[in-house]
Structures are given as C-alpha cells and as structure tokens.
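Open your viewer and keep the selection box at hand. We will go from the whole chain down to single residues, one selection at a time.

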Amino acid sequence: MIRNLISIISCLLLFFSGMYNIITHGFTFPFLILSLGGLIGLIGSLFYKVKKKEA
C-alpha cells in the first residue's frame, strides 16, 4: 500500500515538473517525455491498484 502510494506521488511530481517546465521554458521534446512518462506511470499505478483490489 505504501509503495503504491509513493509511486503515485512520484509520478504526479514527475508530471507536474514536466508541465511546469513546458509552461516556463516552452514546448521542447525532453519536457514532453518527462510529462508523458509521469502521466503513463500515474495511469499504470492507478490501474495496478484497481486490479490488485479486484483480485
């Protein structure tokens, strides 16, 4: 439970960090990858949490 919560929080921080950099520095490829990585990780963590709860 704690590990999953830490994963969700870290992915949120990764996503918001990428979005902040896109807003302040402009739309560049590394910041896009940073934001998408955080978003994909967040969706994966939430999906894992739901799937684990069903089992």
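The tour below starts with the overall picture and then moves through individual residues.

**Stop 1: the whole chain**

Before you select anything, keep in mind that this is a predicted model. Colour by secondary structure, and you should find 2 helices and 0 strands. The radius of gyration is 13 Å, well over the 10 Å that the globule rule gives for 55 residues, so the protein is more spread out than a compact globule. Turn the view along the principal axes: the C-alpha atoms fill a box of roughly 45 × 15 × 10 Å.

Now switch on the surface. About 4400 Å² is exposed, and carbon and sulfur atoms supply 78% of that area. Of the 55 residues, 20% count as buried. If you like contact maps, look away from the diagonal: among contacts between residues at least 6 apart in sequence, 52% join residues at least 24 apart.

**Stop 2: helix α1 and N4**

Select residues 2-25, which make up helix α1, and pick out N4 within them. Is N4 buried or exposed? With a relative accessible area of 14%, N4 is buried, because the cut-off for buried is under 20%. Show its surroundings next: setting aside residues up to four places away in sequence, N4 touches S45, Y48 and K49.

**Stop 3: the aromatic pair**

How many aromatic pairs does a search of the whole structure find? The search finds 1, and F15 and F16 form it. Display both rings as sticks. A pair of aromatic rings is described by the distance of the centres and the angle of the planes. Here the centres are 5.5 Å apart and the planes are at 55 degrees, which makes the pair tilted.

**Stop 4: F27 in the loop**

Move on to the loop between α1 and α2, where you will find F27. At 62% relative accessibility, F27 counts as exposed. Leaving out residues up to four places away in sequence, F27 touches I22 and L32. For a link back to the previous stop, draw a C-alpha to C-alpha distance from F27 to F16: the two are 11 residues apart in sequence and 14 Å apart in space.

**Stop 5: P30 and S35 in helix α2**

Select P30, which lies in helix α2. P30 is exposed, with a relative accessible area of 56%. Draw a line from its C-alpha atom to that of M1: the separation is 31 Å, and the residues are 29 apart along the chain.

Then select S35, also in helix α2. S35 is buried, with a relative accessible area of 5%. Which residues is S35 in contact with, leaving aside its neighbours within four places in sequence? They are F15, G18, M19 and I22. F15 will be familiar as one partner of the tilted aromatic pair, and I22 as a residue touched by F27.

**Stop 6: the nonpolar patch**

For the last selection, take L36, L39, I40 and I43 together and show their surface. These residues make a nonpolar surface patch of about 370 Å². Focus on I40, which is found in helix α2, residues 29-54. At 60% relative accessibility, I40 counts as exposed, because the cut-off for exposed is over 50%.

Conventions
Residues numbered from 1 in each chain as written. Predicted model: local features only at pLDDT ≥ 70, side-chain atom pairs only at ≥ 80, totals over all residues. Heavy atoms only, no water. Patch = residues over 30% accessible without salt bridge, like charges linked within 9 Å, V, L, I, M, F, W, Y side chains within 5 Å. Areas by Shrake-Rupley, 256 points an atom, 1.4 Å probe, with all protein chains shown as cover. Salt bridge = Lys/Arg side-chain N within 4 Å of Asp/Glu carboxyl O. Helix = DSSP H or I, 4+ residues; strand = E, 2+ residues; numbered from the N terminus. Buried < 20%, exposed > 50% of the residue type's maximum accessible area, 1.4 Å probe, protein only. Phe/Tyr/Trp six-rings, centres within 6.5 Å; stacked < 30°, edge-to-face > 60°. Contact = heavy atoms within 4.5 Å. Rg over C-alpha atoms; globule rule 2.2 N^0.38 Å.
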